[in-house]
Amino acid sequence: MKPRNIAIACGVAGTAVGLAAAAGIVYRKQIKSAASLKRLTDYADGYDLYAIDVAYDYDLDRIIAAGVRDDQAYIDAVVTQVLPGVPAHVQAPQFACSAFVAVNAKGRVRTGRNYDFKDDTSALLVRNHPRDGYASIGFAALNNLGANTPLDSVTGRAAALMGPFAQLDGVNECGVSIAVLTLDSKPCDQDTQRPVINTSLAIRLVLDRAATTQEAVDLLSAYDMHAMAGRDYHFFINDAAGDARVVEWDPRDPDRACKATPVRQVTNFYACYGDEVLPNQKNGELGHGKERAVAIADVLDAHAGAQDEAVAWKALRAAAQEPNPEDITSNTQWSVVFDNTEPAAAITLRRHWGDVDAFAL
């Protein structure tokens, strides 16, 4: 979920200026980051898991101050810091997802998350160590960066550098995790004269600056929200204490007030109106996919008080979706279990349930 699609269009000259050795000190950390890019799997279909260690610095406040109510303005602000001189443009995907919290008998907290989208994609593991924020680990969809095989070209490596600003989920060193899920309502575009953030910046803001779920809620509530790419979204946020909430912007409120609803599991429907949502059907602006939340609940209920990692994977399998060319919100691209107690991530691509890669922060 990535929340929107950042397709990087790098001109040959711009990329050469941005990443060539001639750039010297100005691009030293970008070059180091690009050099860290590795392919971690080798699937026959060519859609693999890659990893990058982000070494460059960025100023999140400066990106926010640039004005992000327009998607291209956001991309321009990010590129100015990450890849000066390289043009970029925005495209808009749609996707569905599931997320939940699981707690084992010893109180260890985990977050499960399926990322669903019709078109197959490679995934990018992003290890991020911001100078003025918390370290984190999470995932971006490489087709959203226009680079499913990023090692094949300098352009692909340049696109991968945008990973921190294209993440769909992640967990930070404090144990705060966040995942974005799409909704069926009118895209939120608050205008209460507060500073404005967009969907992508919300993820970056929480991972970089929130030490608890409450801090994440307070952070997001302090900004006006601009939903990107013509879609609406909400966020599943959890922490090391198991404080799991869905943050969303009320579609029935003219001011789209921010609400944080405690939940154990959610899919693509409003948690604040969850009692009004029925499974196996569209529910207008309130969303869809409740049947997947019910499937997750059945698994978690069957293991109450003992929801270990194996149970989390069972719940992910119960909510996973097979490909359906007629349904853009089908086809689980990755399933991930984030460990909130001892921050880490374990992931499998496209329902390869026996092929899980685990990563420490």
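At what angle do helix α6 and helix α7 pack, and how far apart are their axes? The legends below start with that pair and then visit other spots in this predicted model.

**View 1. Helix α6 packs with helix α7.**
Here you're looking at α6, which covers residues 199-209, and α7, which covers residues 213-221. Their axes sit 10 Å apart, and the angle between them is about 140 degrees. That makes the pair oblique, because an angle has to be over 145 degrees to count as roughly antiparallel. As for handedness, α6 and α7 cross in the right-handed sense. On the α6 side, look for Ala202, Leu205, Val206 and Arg209; they meet Glu215, Ala216, Leu219 and Leu220 of α7. Sort the residues of this contact by class and you get 6 nonpolar and 2 charged, with no polar ones.

**View 2. Helix α8 packs with helix α9.**
Now for another helix pair: α8 runs over residues 290-302 and α9 over residues 309-319. The axes are 8 Å apart, at an angle of about 155 degrees. So α8 is roughly antiparallel to α9, since angles over 145 degrees fall in that class. The crossing of α8 past α9 is right-handed. Which residues of α8 take part in the contact with α9? They are Arg292, Ala295, Ile296, Val299 and Leu300, and their partners in α9 are Val311, Lys314, Ala315, Ala318 and Ala319. Of the residues in this contact, 8 are nonpolar, 2 are charged and none is polar.

**View 3. Aspartate 169 sits in strand β9 and has polar contacts with two side chains.**
Strand β9 takes in residues 167-172, and aspartate 169 is one of them. Is aspartate 169 buried or exposed? It's buried, because its relative accessibility is 0% and the cut-off for buried is under 20%. The aspartate 169 side chain makes a polar contact of 2.6 Å with the side chain of arginine 113. It makes another, of 3.2 Å, with the side chain of tryptophan 334. Setting aside residues up to four places away in sequence, you can also find Gly138, Phe139, Ile178, Ala179, Val336 and Phe338 among the residues that aspartate 169 touches.

**View 4. Valine 337 lies in strand β19.**
This strand spans residues 332-339. Valine 337 has a relative accessible area of 4%, so it counts as buried. Its contacts, with neighbours within four places left out, include Glu309, Ala312, Trp313 and Leu316. Arg110 and Thr111 are on the list too, as are Ala344, Ala345 and Ala346. Try finding alanine 99 as well: it is 238 residues from valine 337 along the chain, yet the two C-alpha atoms are separated by 9.7 Å.

**View 5. Leucine 40 follows strand β2 in a loop.**
The loop in question links β2 (38-39) to β3 (49-54), and leucine 40 belongs to it. How much of leucine 40 is accessible? Its relative accessible area is 34%, so it is classed as partly exposed. Beyond its neighbours within four places in sequence, leucine 40 contacts Leu49, Tyr50, Ala51, Leu125 and Phe359. Aspartate 357 is 317 residues away along the chain, but its C-alpha atom is separated from that of leucine 40 by 8.8 Å.

**View 6. Alanine 229 and arginine 256 have positive phi values.**
Alanine 229 is in the loop between β12 (224-226) and β13 (232-238), and its phi is near 60 degrees. Arginine 256 is in the loop between β14 (245-249) and β15 (258-262), with phi near 50 degrees. Both are loop residues, but are they buried or exposed? Alanine 229 has a relative accessibility of 15%, so it counts as buried. Arginine 256 is buried too, with a relative accessible area of 9%.

**View 7. The whole protein puts the close-ups in context.**
Zoom out and you'll find 9 helices and 21 strands. Of the 361 residues, 59% are buried. Take the contacts with a separation of 6 or more: 67% of them join residues 24 or more positions apart.

Key. Residues numbered from 1 in each chain as written. Predicted model: local features only at pLDDT ≥ 70, side-chain atom pairs only at ≥ 80, totals over all residues. Heavy atoms only, no water. Axes fitted to C-alpha atoms, helices over the stretch in contact; angles between N-to-C directions. Helix = DSSP H or I, 4+ residues; strand = E, 2+ residues; numbered from the N terminus. Parallel < 35°, antiparallel > 145°, perpendicular 65-115°, else oblique. Left-handed = near helix turned anticlockwise from the far one by under 90°. Contact = heavy atoms within 4.5 Å. Nonpolar A, V, L, I, M, F, W, Y, C, P; charged D, E, K, R; others polar. Buried < 20%, exposed > 50% of the residue type's maximum accessible area, 1.4 Å probe, protein only. Polar contact = N/O pair within 3.5 Å; in protein donor to acceptor, adjacent residues only side chain to side chain.
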